[in-house]
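Here's a quick tour of a structure, written for someone who likes to know the cut-offs behind the words. Have a look at it first, then read on.

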Amino acid sequence: MKTSWLDPRTKLVLAFTAAVILVSLDHWLILLVTAGVIWGVTLPLNLLTSWFKFFRGLGPAVFGFFAIAWIAFDLSTALVAGLRLMALGTVFFLFFQTTSPKNLSKALVQMGLPYAFSFVLTVSLEFIPVLTRRAANIRDAQQARGIPVGGGLRAIRYLPALLGPLLIQAFKLADEMAEALEARGFGAAGRRIRQELLLRAVDWGIIWSSLIALATLLFLKYIYH
Amino acid sequence: MLLSFENVSYRYDGMEDWALNEVNLTVAEGEYVLVAGASGSGKSTFCRLATGLAPHFHGGDLQGRVLVDGLDTREVPVSQLFGHVGLVFQNTDAQLFNRTVEEELGFGLEGLGLEPAEIKKRLQWVSGVLKLGPFLDRSPHQLSGGEKQRVVLGAILSLRPRLLLLDEPFAHLDPEGSEVLRSLLNTLRGEGPAVVVVEHRLQEVVADVDRLVLFHQGRLAADGPPRQVLGQELTGYGLNLPALVGLFRNWGLDGPPPLTTMEAIQLLASGPPRRFSQTKRTKPREEGSPPSSLNSNDAPVVEIQDLWFGFPGQPVLKGVDFSLWPGECAAILGRNGSGKTTLIKHLNGLLKPSRGRIMVLGRDTRVTKTHELARRVGFAWQNPNDQLFQTSVREEVLIGPRILKAYDPPWCERLFERFGLGPLLDRSPFRMSEGEKKRVSFATALAAQPELVILDEPTAGQDEPFRRELGGLIRELREEGKTVLLVTHDLEFAAEQAPRWLVLAEGRILADGTPERIMADSRTMAASGLRPTQCFEFFQRLREKPLENAHEDFLA
């Protein structure tokens, strides 16, 4: 996780602005330039290697989207669809790579969201690796007694052998967590957040610039036209 | 009194039976208490009642009164009790909600609404006491079992509770982790909170505590100084007695039993000889004798040659060599993270060696598929919940052999009988107790009649009746010529059942030999984080310095 000098709220506004701009651009060349600029941000942040890893997951979706749009419409629509998905993915990649779940949660609470809600969001993110590990254990345990859950068509038939124990364990874990949270004072009134986040001048600058850019774009696209 | 149970009975919602029945109990300031009992005796319910989780979180029917630090738990919510009483639960994963260890330690303090300066002060204190300094920036989920437990303990201790409860804290620790926790608890003892440890395994802390409380079927069965309680008749309570206590009882010696090796020596030396009743005297167990079928002319069941395995930049196994023979029972021992699980996953091809070769019953695992090996190699994993997905116990056990085309009805019927599953066959495996699930997982492992049976931490969290049953099963399997491989931290059990130990440290086999030879080798034991069993220490000291007035026939 790269730490970032921007406040998570600033980055939320930035990501939102970028997403709206990407959705409203509909020429492939302009999209290509915009996507290039967004992608370029990975370089100074030293995130290029992680981005390639991320793109290995997103890539098939981008190409699938591209291929379907090409078959259904034409090449330029397909380019727009593919580039837009890739650029949107990169925006979210940048946001989550530079924002810890804890800071995101703090930001959301300071923006007025109830603590319980933002806490659930953070904890869910923390528990993804735990459940992934459990899923791997379950897969091994089932394969060890001959149930083919490793892959291939037969694995689909035995999907319950993988999902059943995983769901049961996830529910059990959630139950135990709820109990442990209760015992650690989750329900206590007057919770204090250490080190509250502060919006500095640079944050305000970026927030206002983003909002102005957003307003200008919407004005040009929908009202001026 | 810090904690007082006044005639407390409690039952969970929708249950007819009382989980705790007319219990009267107090814990005073600074006391160190061990609460013991078999599975289902009411130990965990006791913890929930003492923290107010029952009835506030679990609902249910509470009769009598529980007072914590003077507060009636029925009247005061958990969110106010948590600063007075802290509970470390069994499952550490479920108690780590934060991204870093530092955030985890501060979580409860933020809940208390303390000033940032005070939070900082307490964090420094607790990370110093529990030696968590190097981990503060790391994710708690990436730590080892023992380290995670220290983080959870720290998160509770930072709240400065006056009463600290730990529910089976030793169940999943390796011997070294247990030792660290044990000395931590001893340190805490002088520093303030009363400590209550709830454990199956008395041996870990019984020598340190002031009081031993026994629960049996929801009732308080005994309460007093440990030597006094352990001197009473305890059969039927399903306790994992400390090895020396068991030994002295087998010898029929009356009176308070010894809790440490030194005490045992002193007891024997303090002649004139203590009275021991001939009637109670039983022959010591025959331990680990190889079955007659063991024959060195047989082909090996497993042959591992120069096995290397690792993840990028992280070698796990580094040149492992050994063979296993028909009818043999061997135990793989070592720290958490020494490569034990990685090693056993090679035996059915779940993992393939990056260098070297493994032959299992004449098949090269590099080119044999896991489902082919599954027919010959049975696994019972530590967590039986990893496998359960069928609607009945019968289907759960039979699905493996059916897929593997190895279904033999008479054999499976015998298995059902062997594990006492007959009355449970049509029940959902999800509605069973953890002990029953474990029995289902053993039946599952054996259902396809494998020649090699691998048991991963089979005794973790299990009570004495289960251990006895398991010991019987292992002996039966060996008599049938099957090979049993144990992976365990439970050295007492390993010494009883496995005449051969394989000690793994940092991916290498550090020692391969009899338990006696390995336990006598203090360098190997230290390098692999193991400690000799109490019985071994006791007999070794006697051999080194024989007692003049001891009964010769004890030592024969």
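What follows covers the chain contact, one strand, one helix and a pair of domains.

A few ground rules: this is a predicted model, where local features need pLDDT of at least 70, side-chain atom pairs count only at pLDDT 80 or more, and totals for chains, interfaces and linings use all residues. Residues are numbered from 1 along each chain as its sequence is written, while chains are lettered from A and ligands numbered from 1 in the order in which they are written.

**Where the chains meet**

Chain A puts 42 residues into the contact and chain B puts in 49 (two residues are in contact if their C-beta atoms, placed from the backbone, lie within 7 Å). On the chain A side, the elements giving two or more residues are α5 (101-110), α6 (115-144) and α8 (159-183) of chain A; helices (H or I, at least four residues) and strands (E, at least two) are DSSP runs, numbered from the N terminus. The largest share there, 14 residues, comes from α8(A).

**A strand with both faces covered**

Now to chain B. Strand β3 (residues 32-36) of chain B has 5 of its 5 residues buried, so it is largely enclosed by the rest of the structure. Buried here says that 20 or more other C-beta atoms lie within 10 Å of the residue's own, with C-beta atoms placed from the backbone. Tyr32(B), Leu34(B) and Ala36(B) take one side of β3(B), and Val33(B) and Val35(B) the other. Its pairings (DSSP must find at least two bridges between two strands) look like this:

| Partner of β3(B) | Bridges | Direction | Opposite residues |
|---|---|---|---|
| β8(B), residues 194-199 | 5 bridges | parallel | Leu34(B) and Val197(B) |
| β9(B), residues 211-216 | 4 bridges | parallel | Val35(B) and Val213(B) |

**An enclosed helix**

Helix α6 (residues 145-157) of chain B is another enclosed piece: 12 of its 13 residues are buried. Among them are Arg150(B), Val151(B) and Val152(B). The buried residues of α6(B) pack against β6 (85-88), α4 (101-112), α5 (116-129), β7 (163-167) and α7 (175-191) of chain B.

**Domains of chain B**

Chain B splits into domain 1 (3-240), domain 2 (241-284 + 532-556) and domain 3 (302-531), with bounds from an automatic or database domain assignment. Between domain 1 and domain 3 of chain B, 18 residues of the former are in contact with 16 of the latter. On the domain 1 side, α6 and α7 of chain B are the elements that give two or more residues, and α7(B) gives the most, with 4 residues.
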